[in-house]
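Student: Could you take me through one part of this structure in detail? I would like to look at the largest pocket and what surrounds it.

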Amino acid sequence: SGFDLGNALGIVAFEAAYAHGESWLDELLPYLEGNIDFMEKFLTERIPQIRLIRPEGTYLALLDCRKLGLEPASLNDYFLKQARVYFSDGKIFGDEAAGFVRINFGCPRSMLREALERIERTVASK
């Protein structure tokens, strides 16, 4: 089936989302598109060493951090300890994704902006 609903409340929530979630989804999709556009513009203008790989149909994107000149294995520690931003290591997607991190942009834009500004300050002080 692919879905682990867990319990009776999970089933009710699942049914409600499918039966009554269309208006929520109609608002969510343009918001997520706005987040990805915001992030792409921010990175291009303010942190050009990091390149966004635009996702196709998800709220998770890859950031190409290879131009930062860091060892791929140290990227997560670098961002967590220096910028206080946690990413998933791209390496979990295979060796070809070493030097990339995965960002979840399914969040309020203010939170996304704060994370990007922390990254910007960290990269600038490197």
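Tutor: Start with the kinds of residue around the pocket in this predicted model. The lining of the largest pocket is made up of 9 nonpolar, 2 polar and 1 charged residues. The charged one is Arg102, because Arg counts as charged. The space in this pocket comes to about 220 Å³. Among the lining residues are Leu60, Val85, Tyr86, Phe87 and Ser88, as well as Ile103, Asn104, Cys107, Met111, Leu112 and Ala115. Two elements, strand S4 (100-104) and helix H4 (109-124), each give at least two residues to the lining.

Now take Ser88, one of the lining residues. Ser88 belongs to strand S3, which covers residues 88-89. Leaving aside residues up to four places away in sequence, Ser88 touches Asn76, Val101 and Arg102. Arg102 also lines the pocket. Leu52 is 36 residues from Ser88 in sequence, and their C-alpha atoms are 15 Å apart in space.

Phe87 is another lining residue, and its ring leads to the aromatic pairs. The structure holds 3 of these pairs. In one of them, Phe79 and Phe87 meet edge-to-face, with 5.1 Å between the ring centres and 85 degrees between the planes. That angle counts as edge-to-face because it is over 60 degrees. Phe79 and Phe87 are both buried. Ring pairs also bring in Tyr78, so that Tyr78, Phe79 and Phe87 form a cluster.

One further ring contact involves helix H4 (109-124): Arg109 lies over the face of Tyr31, 4.5 Å from the ring centre.

Technical notes. Residues numbered from 1 in each chain as written. Predicted model: local features only at pLDDT ≥ 70, side-chain atom pairs only at ≥ 80, totals over all residues. Heavy atoms only, no water. 1 Å grid on protein atoms, 1.4 Å probe; cavity = no way out; pocket = protein on both sides within 12 Å on 5 of 7 lines; lining within 4 Å. Points joined across faces, edges and corners; volume = space filled by probe spheres on them. Helix = DSSP H or I, 4+ residues; strand = E, 2+ residues; numbered from the N terminus. Contact = heavy atoms within 4.5 Å. Phe/Tyr/Trp six-rings, centres within 6.5 Å; stacked < 30°, edge-to-face > 60°. Buried < 20%, exposed > 50% of the residue type's maximum accessible area, 1.4 Å probe, protein only. Lys NZ or Arg CZ within 6 Å of the ring centre and 35° of its normal.
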